[in-house]
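Subject: Structure handover

Dear colleague,

I am passing on the structure we spoke about, and my notes follow directly below it. Please read them with the coordinates open beside you.

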Amino acid sequence: IINLILTSIMFGLAMSSKFSALVLIPIFIFFIILQVYDFSFRTLFTETVNKERVKRLTSFGSSLVIIILLTLLIINIVYAFDGSLKTLNERLRDDPYTYFDKGYFKPDSIAKRITNNPPLIYVISTTLDYGSSLLPYNYIKEIVSAIRINDPALESSATGGYLMGQYSREGFWYYHLFAFLIKSPIPLLILISIVFIIHFKIDFKNEVFLILPILVFFVFFSLHKTSGGIRYILPTFPFIFVFIGRIFSNKVMDANKVNFRKLFTPLIILLMLWYVAESFFIFPNYTAYFNQFIGGSSNGYKYLQSTDFDAGQDLPLLAKYVNKREINNIKFAYGGTADPFYYLNLTCIACPSCPLWALPKCPENCTPMSGTIAVFTALIVYAPNLENVNCFDWIKSYEPIDKIGYTIFIYNLTKV
């Protein structure tokens, strides 16, 4: 019972904090089936309706129902029961905010994006309208926003992405694997390799719980071509860390007693120290971290953009830089989604992804200019959201005098 409650709490917290945790639901169901049929696909197909198997399946199914109910409770607690126990249409009607298209979130609209069949539209719409009352209002809105079905404009915004100097509206199927390889500390990658070198054989019954979630997350988001950031596969890291721990199991150590103790133990200690050092030296710029395979974080902007590189973390540092040096009129070209005017007064010369209220104050200005200029590094490499994607090519011939974190270059140009 304790394990069941802990599983429910952890699953509820995962669902509350990361929508990609939805992928865990089919994984849970698959694990239940494996457990019922003794991790044997042969047994699954030969004893599908066996009385004992069905009895065990019912028992596990009951546990799954408890997990779902407790998960719903956890999500509602996290969201302070925001609009729960009301239909989705009622909540949309009572929502005073007008900054979003309410029609997009209506059950009928969602159902029509899923199917063109009228009876199915009615069933899906009714289920969404009343079934969603078990979840908080803002949670439902975020899920609908995240799952972009049959809407070309929104789908392209979800899948389009930048990778190594190229931008694709369709995304890159290998994006997350590549991002994992260049944003994970090298010691972690070496430890993963050591795991297979010293003990390649997989204990399916005991390790499928670690391996399957990793594979499912990578495959799912690779097929979806979501290039919005390594954040989509962050849930795999705990599974990876636990899987690496298999090298310290008695079974592995006994099988590799001589080689392991004399060679791998000191190596693993050094790798762990290296890992800690990586974390220490990049502090507090974790978002912009890139490993030494590409030359470190200073080169990260050449390979990835968006939330794999910037979350507005360097805007406060820019404000401190400007105030400390008493720079009166700084010109700023920003490529992130935060509001740059929140931190300081400036002359905005580009901000294609700024909040709507800031856009009128940021007319795109591609004319070469003099003065103190701060430019978001991604705009120098490639800026698909700008009207002129080559807007800041002119500044590439100049060297920055300073760098703010890893995302903003400072130029002091007297003659252009």
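Cys362 has a relative accessible area of 7%, and because the cut-off for a buried residue is under 20%, Cys362 counts as buried. Please bear in mind throughout that this is a predicted model. The partner of Cys362 is Cys348, and the sulfur atoms of this disulfide lie 2.2 Å apart. Cys348 is likewise buried, its relative accessible area being 6%. The two cysteines are 14 residues apart and link distant parts of the chain, since Cys348 sits in strand β4 (residues 347-350) while Cys362 belongs to the loop between β4 and β5 (371-376). The torsion about their S-S bond is about 105°, and the disulfide of Cys348 and Cys362 is therefore right-handed.

A search of the whole structure gives three disulfides, so two others remain to be described, each of them, as is general for such links, a covalent bond between the sulfur atoms of two cysteines. The second joins Cys351 to Cys354, with an S to S distance of 1.6 Å, and both of these cysteines are buried. With 70° about the S-S bond, the link between Cys351 and Cys354 is right-handed.

The disulfide between Cys366 and Cys391 has an S to S distance of 2.0 Å, and because the torsion about its S-S bond is about -110°, this disulfide is left-handed. Cys366 lies in the loop between β4 and β5, whereas Cys391 lies in the loop between α18 (377-381) and β6 (402-404), so the pair ties together parts that are 25 residues apart in sequence. The two ends also differ in exposure, for Cys366 is partly exposed at 23% relative accessibility, while Cys391 is buried at 2%. If the bonded cysteines of the chain are numbered in sequence order, the pairing reads 1-4, 2-3, 5-6.

Turning to the chain as a whole, its secondary structure comprises 18 helices and seven strands, and 43% of its 416 residues are buried. Of the contacts between residues at least 6 apart in sequence, 62% join residues at least 24 apart. The accessible surface comes to about 23,000 Å², and carbon and sulfur atoms account for 63% of that area.

Which residues touch the most other members of the largest nonpolar core? They are Leu318, Ile373, Phe392 and Ile395, in a core of 99 residues, to which helix α13 (residues 204-224) contributes the largest share, namely seven residues. Leaving aside residues up to four places away in sequence, Leu318 touches Ile330, Phe332, Ala374, Ile404, Ile408 and Ile410.

Finally, helix α1 (residues 2-17) packs against helix α2 (residues 24-36) at an angle of about 155°, with the axes 12 Å apart. Because angles over 145 degrees count as roughly antiparallel, α1 is described as roughly antiparallel to α2. The residues making this contact are Thr7, Phe11 and Met15 on the α1 side and Leu24, Ile25 and Phe28 on the α2 side.

With best regards

How values were computed. Residues numbered from 1 in each chain as written. Predicted model: local features only at pLDDT ≥ 70, side-chain atom pairs only at ≥ 80, totals over all residues. Heavy atoms only, no water. Core = buried A, V, L, I, M, F, W, Y, C linked by side-chain atoms within 4.5 Å. Buried < 20%, exposed > 50% of the residue type's maximum accessible area, 1.4 Å probe, protein only. Helix = DSSP H or I, 4+ residues; strand = E, 2+ residues; numbered from the N terminus. Contact = heavy atoms within 4.5 Å. Areas by Shrake-Rupley, 256 points an atom, 1.4 Å probe, with all protein chains shown as cover. Disulfide = S-S within 2.5 Å. Axes fitted to C-alpha atoms, helices over the stretch in contact; angles between N-to-C directions. Parallel < 35°, antiparallel > 145°, perpendicular 65-115°, else oblique.
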